[in-house]
Amino acid sequence: MNVHSCIFCRIIARSAPAFLLCEDEHSLAFMDINPVAPGHALIVSKTHAETIFDLPIPDLQAVSATVKKVAQAVNSALLPDGISVVQSNGRGAAQSVLHFHMHVVPRTMDDGLLLNWSLRPGELSAIEAMAERIRAYL
Ligand code: 5GP
Ligand code: ZN
């Protein structure tokens, strides 16, 4: 896996587009392109590591700090009933992109969300509007 074959490495390198939220030296946050709920965001490590087993602790700490920041912004912007932070490792956990990432998923009461959700493309204008609302709190 290298910067050309990994979609998240390409987003980090700005060679693939994404609705970016914020970043620091070791992590980058952007909107998920198949949102399971409006406002679904991803936080990735800038280092390419497939899973939590491969990721150095300082990178995990940076991702975690950005998760907290983004979750607070999503909470302020969208006022959801709750927020789930989800992170999957390996095919058995339905990890579909083999570059470490954490999901910030706004929840609504009784949304019935299952953890192994299927990927359904979102509407770009709706995802972009969500990014703007969240960025206002970052
Ligand atoms: P996983 O299933 O590995 O936990 O989550 C991978 C996530 O990456 C999925 O929710 C999927 O929608 C998202 N994703 C896959 N390709 C792209 C892409 O090119 N751009 C963005 N923004 N998200 C992506
Ligand atoms: Zn990568």
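In the predicted model, the zinc ion (ligand 2) is bound by the protein donors C6 (SG), C9 (SG), H48 (ND1) and H99 (ND1), at 2.0 to 2.3 Å; donors are N, O and S atoms within 2.8 Å of the metal (3.2 Å for Na, K and Ca), and water is not among the atoms, so sites may look incomplete. Along the chain, these donors of the zinc ion (ligand 2) are spaced as C-x2-C-x38-H-x50-H. C6, in the segment before α1 (7-12), and H48, in the loop between β3 (41-45) and α2 (57-78), are 42 residues apart and link distant parts of the chain. Helices (H or I, at least four residues) and strands (E, at least two) are DSSP runs numbered from the N terminus.

The arrangement around the zinc ion (ligand 2) is tetrahedral because its four donor atoms subtend angles of 103 to 117°; four donors count as tetrahedral if all angles lie between 85 and 135 degrees. C6 is buried, at 3% relative accessible area, whereas H48 is partly exposed, at 28% (buried, under 20%; exposed, over 50%; partly exposed, in between; 1.4 Å probe, protein chains only).

Ligand 1 makes polar contacts (pairs of N or O atoms within 3.5 Å). An oxygen atom of ligand 1 lies 2.5 Å from a polar side-chain atom of D32, and a side-chain N or O atom of H103 is 2.8 Å from an oxygen atom of ligand 1. The protein covers 87% of the 520 Å² of accessible area that ligand 1 has on its own (Shrake-Rupley method, 1.4 Å probe).

Residues are numbered from 1 along each chain as its sequence is written, and chains are lettered from A and ligands numbered from 1 in the order in which they are written. Local features need pLDDT of at least 70, side-chain atom pairs count only at pLDDT 80 or more, and totals for chains, interfaces and linings use all residues, while side-chain values use heavy atoms, with hydrogens and water left out.

Terms used: Four donors count as tetrahedral if all angles lie between 85 and 135 degrees; four count as square planar and six as octahedral if opposite donors are over 155 degrees apart and all others between 65 and 115; anything else is irregular. A polar contact is a pair of N or O atoms within 3.5 Å; within protein, one must be able to donate a hydrogen and the other to accept it, and residues adjacent in sequence count only if both atoms are side-chain atoms.
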